[in-house]
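Subject: Structure handover

Hello,

Please find the structure below. My notes on it come after.

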Amino acid sequence: MDGNRGNEVEELYVQYKGLMFKIAYQMTGSVADAEDIVQDVFIKLYDVDPDRLAKPKAYLCKMVTRRSIDLLKSARKRREQYFGPWLPEPAPTPEMDAMEAVVRNDLLSYAMMVLLEHLSPAERAVFVLREALGFEYPLIAELLDKNEVSCRKMMSRARGKMGISENIPVSNESNNEEWVRLFLTELEKGNINKVMELLSEDVLIVSDSGGRAIAAMRPIQTRELAARFLLGAYRKAPKLIGGLDIGLANINGQIGIVARSGSKVVAVAFMHFERGKLRNLYIQRNSDKLKHIL
């Protein structure tokens, strides 16, 4: 291998690996898949004609987007056969280590990533590139080999499938740590009426275990069922082998709840609230998806 060529690829890796990881992760919902995609793209970059790298950022983004779309297409059947509800893999944020930089402003909220599952791979690409990374439509069209009008239509369809109005900006919600702590305090007190007061009328709890841990096999709805489920889980926690330590951490650019049994992370939960009420609670219990959370 030419030494200069190797140095060029290494420089591009250092400069763009974070951006490429953000694209791949939000496209696939998997830290492991995103890391594999980025590594694969850079390995193949050694064989790319240097003349094709006149605009390295656009070229690399195009490669990683295409790889992500291909992976999503192949993963459709696997997800249909998945044991129970499927949720994205939590991604460590700056103080942890997953491609070193999942920056908050470039990362959709976990609740938004769950909604991405309603989209086709191409729609998902347009949404991520536009709303998470702020790419302009001409560049998105170039990356997807489509025209700008088609990309705008895909964005409109994507918002419709996700239930987001055209005039509502998409941003990563900033979970209020004080509110999350208040909610955990009320759970600890065991007052079902107080807990219900903090739940939205159309609250939804979704758990993903992949068959590797005990979890609700179906989404839980209604305030009373949700409150009873949460209180029941909280009461059982101390009885688990090794006990259970519940704390807060910065994951996916927001406040996440991390449950540990000894030194092992056994669950990560994300709260999405609207107008001061818990609207969605997503609980990740699949041990394969918790490997990057320390």
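The notes cover the largest pocket, the nonpolar cores and one helix.

This is a predicted model, in which local features need pLDDT of at least 70, side-chain atom pairs count only at pLDDT 80 or more, and totals for chains, interfaces and linings use all residues. Residues are numbered from 1 along each chain as its sequence is written, and side-chain values use heavy atoms, without hydrogens or water.

The largest pocket (on a 1 Å grid over the protein atoms alone, an open set of points with protein on both sides within 12 Å along at least five of seven lines) has 30 lining residues, meaning those with an atom within 4 Å of a point. Its space is about 830 Å³, taken as the volume filled by probe spheres (1.4 Å) set on the points. Nearest the centre are A233, Y234, L244, A267 and R285. Helix α10 (helices are DSSP runs of H or I, at least four residues) gives six residues, the largest share of the lining.

The largest nonpolar core (buried Ala, Val, Leu, Ile, Met, Phe, Trp, Tyr and Cys joined through side-chain atoms within 4.5 Å; buried is under 20% relative accessible area, 1.4 Å probe, protein chains only) has 57 residues. F42, L45, L108 and F127 have the most contacts inside this core. α1 supplies eleven residues, the largest share. A separate second core of 23 residues includes A216, A227, L231 and I283.

In α5, nine of twelve residues are buried, F127 among them. Just after α5, G134 has a positive phi of about 70 degrees.

Regards

Terms used
Buried means under 20% relative accessible area, exposed over 50%, partly exposed in between (1.4 Å probe, protein chains only). Helices (H or I, at least four residues) and strands (E, at least two) are DSSP runs, numbered from the N terminus.
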